[in-house]
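Biologist: Could we go through this model together? I would like to begin with its charges.

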Amino acid sequence: MRVCGLDECGRGPLAGPLVGAATILNPQFPIFNLNDSKKLSAKQRHKIYQQIIKSGAVIAIEEISVRQINNRGIGWANKEVFKRLIKKVEATKYIVDGNLKLRVRGKSNLIRSIIKADNKFPEVMAASIVAKVTRDKLMRQLAKDYPQFGWHSNVGYGTRYHISAI
């Protein structure tokens, strides 16, 4: 069975894109210390991210821009990022973190949305880490152009510093 885990990062922040990731883990190379990205420090996430990359896992990443989010809404963006990823990756089963009802032509019966899947399924945990590390990297790049918002450390989340800068 080829299980694809999917998760996103960027629904809660005040700035930046929504980043979704899909992963199919390589059974030949176990990843140690997998967990929901929110339960790991940045250092732990980076270390596990490197393991995921080196393991030969299948990884797909999609980004929904701030403009698209502003025009169509975060609900649309959340569904859209997962639909794009499911179309990109071939699997026998897709496990999506959350409670979305997703329809993708020819694959709808293979998709299961599960609340807190990022706490239960290694494939989703890996997707969670890939999405978070990818988005944080994007936000640190953006911080170079917009240093006044403190994105190098708050990565777009509404910290007191970020809110006062707005």
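Modeller: Certainly. Please bear in mind that this is a predicted model. The protein carries 29 positive and 12 negative charges, and the mean positions of the two sets lie 1 Å apart.

Biologist: And the surface: how much does the protein expose, and what share do carbon and sulfur atoms supply?

Modeller: The exposed area is about 9,300 Å², of which carbon and sulfur atoms supply 52%. As for burial, 48% of the 166 residues count as buried.

Biologist: What is the order of helices and strands along the sequence?

Modeller: The pattern reads β-β-α-β-α-α-β-β-α-α-α, with 6 helices and 5 strands in the protein.

Biologist: Why would one say that the radius of gyration agrees with a compact globule?

Modeller: A compact globule of 166 residues would have a radius of gyration near 15 Å, and the protein has 16 Å, so the two agree. The C-alpha trace spans about 50 × 35 × 25 Å along its principal axes.

Biologist: What part of the contacts with a separation of 6 or more comes from residues 24 or more positions apart?

Modeller: Such residues account for 57% of those contacts.

Biologist: Turning to the interior, which residues have the most contacts inside the largest nonpolar core?

Modeller: They are Cys4, Leu6, Phe82 and Ile86, in a core of 21 residues. At least two residues of this core come from each of strand E1 (3-9), strand E2 (18-24), strand E3 (58-64), helix H3 (74-88) and strand E4 (93-97). H3 gives the most, namely 5 residues. In soluble globular proteins, nonpolar side chains tend to be buried together.

Biologist: Let us stay with Ile86. What does Ile86 touch, leaving aside residues up to four places away in sequence?

Modeller: With those set aside, Ile86 touches Leu6, Tyr94, Val96, Leu102, Val104, Lys107 and Ile111. There is also a second, separate core of 18 residues, which includes Val19, Leu34, Met125 and Ile129.

Biologist: A change of topic: where is Ser37 found?

Modeller: Ser37 lies in the loop between E2 and helix H1 (42-54).

Biologist: Is Ser37 buried or exposed there?

Modeller: Ser37 counts as buried because its relative accessibility is 5%, and the cut-off for burial is under 20%.

Biologist: Which residues does Ser37 touch, not counting those up to four places away in sequence?

Modeller: On that basis, Ser37 touches Arg45, Ser128, Ile129 and Lys132. Of these, Ile129 was named above as one of the residues in the second core.

Key: Residues numbered from 1 in each chain as written. Predicted model: local features only at pLDDT ≥ 70, side-chain atom pairs only at ≥ 80, totals over all residues. Heavy atoms only, no water. Helix = DSSP H or I, 4+ residues; strand = E, 2+ residues; numbered from the N terminus. Rg over C-alpha atoms; globule rule 2.2 N^0.38 Å. Buried < 20%, exposed > 50% of the residue type's maximum accessible area, 1.4 Å probe, protein only. Contact = heavy atoms within 4.5 Å. Areas by Shrake-Rupley, 256 points an atom, 1.4 Å probe, with all protein chains shown as cover. Lys, Arg positive; Asp, Glu negative; His and termini not counted. Charge placed at Lys NZ, Arg CZ, Asp CG, Glu CD. Core = buried A, V, L, I, M, F, W, Y, C linked by side-chain atoms within 4.5 Å.
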